[in-house]
Amino acid sequence: MSFQQGSTLFPKVSLSEIEALKKVFNIDVTYNLCPLRAILLKDQYIDPHWALVFDKELNVVLQSAYLKPESLVQEILNKRQKGVTQLSEKFVYFVGYNLGYGNYYHWCLQCLPTLILYFSLKNIYTNLKLLLPKSLPDFAFQYLQILNVDLKNEVEFIVVDERLYLAKEMIYPSLLGGEFAFEASISVLNFSKSYFENSIKKKSSLFSLNLGKKRLMYCARLDSKNRIIKNEQLLINHLKEKYHAKIYTNTGQSVKDQANSFHEADIIISPHGAGMTNILFCKKGTTIIELIPDKYTNPCFATLAVHNELKYFPCVFPTITYEGRQQDYEWEIELSSIDSVLSKLI
């Protein structure tokens with residue numbers, strides 16, 4: 001469904017923002033109005049590493065093959081077929097992760113919101129167990145604890161190794177299949193706002209009381225080895241000296257601190273990266289300036305910002321090294337372009 005100016009179903013987005021999105025990402029502004037769904041599978045295998053689901057004949061359930069080309073499925077299956085562990089037949093297992101569970105964005109936008117369905121289905125299935133890998137990252141455990149998931153009694157943690165696991169009954173939610181990856185779901189956004197307001201929101205110490213002035217935060221990537229910004233330190237010094245920006249690094253911060261720091265900021269400047277997932281928790285009307293390498297124009301945060309009723313500005317800069325994997329790309333920021341945008345906002 002396309003964006004309709006003035007429709008109550010869609011956020012109030014200026015025509016200039018829409019044109020910026022089309023120019024940079026070649027996309028329309030849309031909402032995914034598909035309902036959250038889940039399918040009940042019987043006698044299915046699950047590969048613990050990729051969360052790929054297979055039927056009795058070891059054909060992959062395509063919905064579970066998110067971001068994995070069909071050409072790789074058999075190769076993955078051959079590597080994992082080192083034995084089978086039978087899960088208890090007493091339980092119905094609810095799959096709570098996909099192959100992206102270790103990435104903050106994929107966890108928050110796909111894996112975590114599956115709990116909407118999990119909590120609902122607990123009223124129907126008294127023997128429901130949440131199926132998760134033992135190798136969950138710390139931020140995932142923090143979110144589960146925030147939502148009062150009983151890790152000891154509600155969750156079956158499976159070892160990520162070479163075997164397959166067989167479940168007599170397994171529920172696979174639609175969110176994990178990628179259908180909401182780049183088109184935000186109203187249900188997911190409402191869920192995010194609800195757990196922020198009820199369980200996460202508090203005062204953080206990132207900003208001192210500074211009434212009457214815009215609170216500007218730069219989300220740094222200095223500790224990242226992916227898509228390195230060659231002149232990031234120069235950019236940081238410039239933002240601190242000219243705009244008194246607060247410099248924030250997500251790594252090592254609790255999920256509550258990340259959420260609250262983004263919520264308190266009025267203007268957020270950030271290079272494209274998983275840390276931008278925290279714009280889920282921004283106040284309505286917060287300005288987001290995303291810095292993007294021109295060889296990797298991924299629209300996930302652009303659409304998330306627009307759907308969350310944030311003011312979004314994409315700034316695209318030249319990639320100076322782009323051989324090999326996109327994670328190895330190197331790029332530079334033009335400070336004058338940042339000044340041009342900020343001059344209109346501050």
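This report describes selected strands, helices, cavities and individual residues of a predicted model.

## Strand E5 and its neighbours

Strand E5, which spans residues 128-133, is mostly covered, since six of its six residues are buried. The burial extends to both faces of E5, with Leu128, Leu130 and Leu132 on one side and Lys129, Leu131 and Pro133 on the other. Lys129 is thus listed among the buried residues of the strand, and Tyr93 is the residue that stands opposite Lys129.

E5 is joined by bridges to two strands that are described here in turn. Strand E4, made up of residues 92-95, runs parallel to E5 and is joined to E5 by four bridges. Strand E6, made up of residues 155-158, also runs parallel to E5, and four bridges join this pair; within E6, Phe157 is the bridge partner of Leu132. Between E5 and E6 the chain passes through helix H5 (residues 138-146), and the resulting β-α-β crossover is right-handed.

## The open sheet E9-E15-E14

Three strands make up an open sheet, in the order E9-E15-E14, and their pairing is mixed. Strand E9 (228-229) and strand E14 (319-321) are the edge strands, each of which pairs on one side only. Strand E15, which comprises residues 330-331, runs antiparallel to E14 and is joined to E14 by two bridges. Across this pair, Thr319 stands opposite Trp331 in E15.

## The two cavities

A search of the whole structure for cavities of 30 Å³ or more finds two of them. The largest has a volume of about 40 Å³, and its lining consists of Tyr105, Leu109, Phe180, Ala181, Phe182, Glu183, Ala184, Cys300, Thr303 and Leu304. Two helices, H3 (104-111) and H9 (300-307), each supply at least two residues of this lining, and the largest share, three residues, comes from H9. Sorted by class, the lining of the largest cavity has eight nonpolar residues, one polar residue and one charged residue.

The second largest cavity holds about 30 Å³ of space. Gly96, Trp107, Cys111, Thr114, Leu115, Leu130, Leu132 and Leu144 line the second largest cavity, and the elements giving two or more residues to that lining are H3, helix H4 (114-121) and strand E5 (128-133). By class, this lining has six nonpolar residues, two polar residues and no charged residues. Leu130 and Leu132, which belong to this lining, are also the residues that lie with Leu128 on one buried side of E5.

## Helix H8 and its surroundings

Helix H8, formed by residues 255-264, is mostly covered, with nine of its ten residues buried. The buried residues are Val255, Asp257, Gln258, Ala259, Asn260, Ser261, Phe262, His263 and Glu264.

The buried residues of H8 pack against both helices and strands: the helices are H3, H5 and H6, while the strands are E8 (216-219), E10 (246-248) and E11 (267-271). Two of these helices have already appeared above, H3 as a contributor to the lining of the largest cavity and H5 as the helix of the crossover from E5 to E6.

## Three individual residues

Asp47 is placed in the loop between strand E1 (38-46) and strand E2 (53-54). Asp47 counts as buried because its relative accessible area is 0%, a value under the 20% cut-off for burial. When residues up to four places away in sequence are not counted, Asp47 touches Leu52, Phe54, Ile76, Arg80, Tyr97 and Leu164.

Glu197 lies in helix H6, which covers residues 186-200, and with a relative accessible area of 46% Glu197 is partly exposed. Glu197 and Phe281 are separated by 84 residues in sequence, whereas their C-alpha atoms are 9.1 Å apart in space. Lys242, found in helix H7 (residues 232-243), likewise counts as partly exposed, at 48% relative accessibility. For Lys242 and Asp339 the separation is 97 residues in sequence and 9.5 Å in space, taken from C-alpha to C-alpha.

Conventions
Residues numbered from 1 in each chain as written. Predicted model: local features only at pLDDT ≥ 70, side-chain atom pairs only at ≥ 80, totals over all residues. Heavy atoms only, no water. Pairing = 2+ DSSP bridges. 1 Å grid on protein atoms, 1.4 Å probe; cavity = no way out; pocket = protein on both sides within 12 Å on 5 of 7 lines; lining within 4 Å. Points joined across faces, edges and corners; volume = space filled by probe spheres on them. Nonpolar A, V, L, I, M, F, W, Y, C, P; charged D, E, K, R; others polar. Buried < 20%, exposed > 50% of the residue type's maximum accessible area, 1.4 Å probe, protein only. Contact = heavy atoms within 4.5 Å. Right-handed = clockwise from strand over helix to strand, strands pointing away.
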